[in-house]
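Visitor: I am new to protein structures and would like to learn how to read one. Could you walk me through it, feature by feature?

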Amino acid sequence: MDRDYDLIVAGAGAGGAVVAARVSEDPRIRVLLVESGPDYPNLEALPKDLRNVNHASFFDHDWRLRYRPSTTSRPDVPFPRGRVTGGSSAVNTAIALRGQPTDYDGWAALGNPLWSWERVLPAFRKLETDQDFDGPYHGKTGPIPIRRHTRGELVPYQAAFLDACAELGYPDAVDHNDPRSTGYAPHPMNKRGTLRISTAIAYLAPVRGRPNLTVLADSDVVRVLFEHGAASGVEVRSRDGRTARISAPHVVLAAGAIHTPPILVRSGIGPRDVLDRLGIAVTRELAGVGAHLQDHPAIGPTLVPREGVADWDQPVIQTTLRYTATGSHDVNDMQLEPLSFMHIPGGRLLMGLVACVFKSYSYGRLVFESAGPGAAPRIEMDYLSDERDYARIADGLRRAMELVQTRAISAVSAGVRRPTEEELASPEVLERWIRAHAATGAHPSCTARMGPVDDPTAVVDERGAVHGLRGLRIADASIMPRVPSANTNIPTIMVGERIGAWVREELAPA
Ligand SMILES: Cc1cc2nc3c(=O)[nH]c(=O)nc-3n(C[C@H](O)[C@H](O)[C@H](O)COP(=O)(O)OP(=O)(O)OC[C@H]3O[C@@H](n4cnc5c(N)ncnc54)[C@H](O)[C@@H]3O)c2cc1C
């Protein structure tokens, strides 16, 4: 039977753009990449918020989602997600970390041997051109350029932060992407000057001319269509509300950890009670859809900058301290990151220092309240519900307070704004403050986890194929079995590289 395409990819973000670019390297495979947001096919057309990496873009290309961080926090805090080709990689801060070898060996131990550190390292090397380091851990020919700010490029607060870490005796990490490293150093970052290098720029821009790759922007994938237990295409809704059916024997969902699960649910794939409640016919019962939502919760002091130290257009982050929490067995499970300025709408210019739990154990969930074509799920994070996470973030805040009192940071900061003396008054009061204010690291993941078929929480197998269905795969942050101890852009691009290579291999005509 004639099909419109050989492969449809839903979502052009950190995972989807990479899959589309890699699969369409084979000129015989016709690929359609569908993106809900707009598409800017060349750099000249790129709006300023997507271009200037000094700020993350929170408004102009955002999904306007809200979430509940914990049971004792406000229920409706803004939750940023990119809606544009490049996805969240097009709006983010461009921190380019990979995580620890133990993260990926942990994925393998959960029944996914293809994802051990040894197996993922070649894809991490393939995706990057590291401009500073060479050797067995780095790539020199990949689409994503990675470099670290030199000492001379650091703004005063970021330079003071590194000095403060040295003052307190933390080690110099030199290269945060060397798996043996720990301590303080400039972040590896995927940017050129102030240009954020998204997957739209690194992966799609160079291959726009391929006749076998079509990008369909401003269009939502509503659901996946099936014939006899196999994917047969997708239903797409354009901005003016018209729907169309597009056929293909293979579909890859890459709409991200918040938006891939509702596409599954609308397609009849999910927990039975959810499908029954929403009146959706069951295609495949999979209890793990929307469960096990993970992220990296963060909290920290805000600081008043000394005169002339800060401004609104400095790079917001240039450096970090990775360390292992007191008593922890998880290496580099914490990061302390200085923010050159804080995004407080209408607020005065403040600096920040966030303690972020990078090996988090708490799980939240997505709650599906509607089967409507554009309905977003309710996002309930349940941060710090696992006591190990609370212990680490509280210890991280204590360390952050120690750092802001060093000579180095006192030279650029006129004092701490929050937490106040009252909030610091007793451990109980401080705990309430932490639990009420810990907020997202913007790294949602694990809502369609990979795992073997006998794992009741697993949604996909280790090649990204949805259990029990043919022709449907997922390639985004939702399939991570556990959030890695790194910002999730580069790990998701790695996922896209690997699943893209497998799909290309499988679809190649004999
Ligand atoms: C403000 C912010 C700052 C961040 N900073 C960093 C950082 O510095 N470093 C880092 O490593 N990570 C960072 N992240 C996280 C990182 O960008 C994400 O982990 C990564 O982009 C996730 O990739 P993904 O493919 O799962 O989802 P995304 O990249 O979000 O891609 C999903 C795509 O699918 C599209 N989509 C959704 N629903 C549909 C639908 N129904 N039909 C069609 N298309 C759809 C979306 O519009 C989007 O383009 C940040 C994220 C944000 C929001």
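Guide: We will go through this structure one feature at a time. Please keep in mind that it is a predicted model.

Visitor: Let's start with the overall layout. Which domains does the chain have?

Guide: The domain assignment gives two entries, and each is built from several stretches of the chain: domain 1 (7-54 + 58-67 + 79-94 + 197-293 + 444-507) and domain 2 (150-186 + 298-359 + 384-437). Their C-alpha centres lie 33 Å apart. The contact between them takes 5 residues from domain 1 and 10 residues from domain 2. On the domain 1 side, those residues divide into 2 nonpolar, 3 polar and no charged.

Visitor: Next, the nonpolar core. Which residues of the largest nonpolar core touch the most other members?

Guide: Val 9 and Ala 10 do, in a core of 149 residues. Domain 1 and domain 2 both contribute residues to this core, so it lies between them. You can follow the contacts of Val 9 on the screen: leaving aside neighbours within four places in sequence, Val 9 is in contact with Gly 16, Val 19, Ala 20, Val 31, Leu 33, Val 34, Val 252 and Ala 254.

Visitor: How do I judge a single residue, such as Val 84? Is Val 84 buried or exposed?

Guide: Count the C-beta atoms around it; 20 or more others within 10 Å make a residue buried. Val 84 has 28 within that distance, so Val 84 is buried. Val 84 lies in the loop between strand E4 and helix H3 (101-109). Not counting residues up to four places away in sequence, Val 84 touches Gly 37, Pro 38, Leu 50, His 61 and Ala 90. For a sense of distance, the C-alpha atoms of Val 84 and Arg 388 are separated by 36 Å, and these two residues are 304 apart along the chain.

Visitor: There is a ligand too. Which residues come nearest to the ligand?

Guide: Gly 11, Gly 13, Gly 87, Gly 256 and Asn 489 come nearest, out of 41 residues around the ligand. Sorted by class, this shell has 17 nonpolar, 19 polar and 5 charged residues. Strand E12 (219-227), helix H7 (256-266) and helix H12 (489-507) each supply at least two residues of the shell. H7 gives the largest share, with 4 residues.

Visitor: Then let's look at H7. How many residues of H7 are buried?

Guide: The count is 11 of the 11, so H7 is largely enclosed by the rest of the structure. Among the buried residues are Gly 256, His 259 and Arg 266. Just after H7, Gly 268 takes a positive phi of about 85 degrees.

Visitor: Why do people point out a positive phi?

Guide: Most residues other than glycine have a negative phi, and most peptide bonds are trans. Here, Asp 218 has a phi near 55 degrees, a positive value in a residue other than glycine. Asp 218 sits in the loop between strand E11 (213-216) and E12. His 228 also has a positive phi, of about 50 degrees, although it is not a glycine. The place of His 228 is the loop between E12 and strand E13 (230-238).

Visitor: Are those two residues buried or exposed?

Guide: Asp 218 is partly exposed, with 14 other C-beta atoms within 10 Å. His 228 has 6 C-beta neighbours inside 10 Å and counts as exposed.

Visitor: Which residues does a cis peptide bond join?

Guide: A cis peptide bond joins Arg 418 and Pro 419, with omega at about -5 degrees. Pro 419 lies in the loop between strand E25 (413-418) and helix H11 (427-437).

Visitor: Last, the strands. How do I read their pairing?

Guide: Look at the sense of the pairing, then at the bridges. Strand E3 (residues 65-68) pairs with E4 (residues 77-79) in the antiparallel sense over 3 bridges, and Leu 65 has Phe 79 as its bridge partner in E4. E3 also pairs with strand E24 (residues 378-380), this time in the parallel sense over 2 bridges. There, the bridge partner of Arg 68 is Glu 380.

Visitor: What stands opposite Leu 303 in E25?

Guide: Val 416 does. Strand E19 (residues 302-305) and E25 pair in the antiparallel sense over 4 bridges. E19 is also joined to strand E22 (residues 351-357) by 2 bridges, and these run antiparallel. In E22, Met 351 stands opposite Leu 303.

Key: Residues numbered from 1 in each chain as written. Predicted model: local features only at pLDDT ≥ 70, side-chain atom pairs only at ≥ 80, totals over all residues. Core = buried A, V, L, I, M, F, W, Y, C linked by C-beta atoms within 7 Å. Buried ≥ 20, exposed ≤ 12 C-beta atoms within 10 Å, placed from the backbone. Domains from an automatic or database assignment. Contact = placed C-beta atoms within 7 Å. Pairing = 2+ DSSP bridges. Near = placed C-beta within 6 Å. Nonpolar A, V, L, I, M, F, W, Y, C, P; charged D, E, K, R; others polar.
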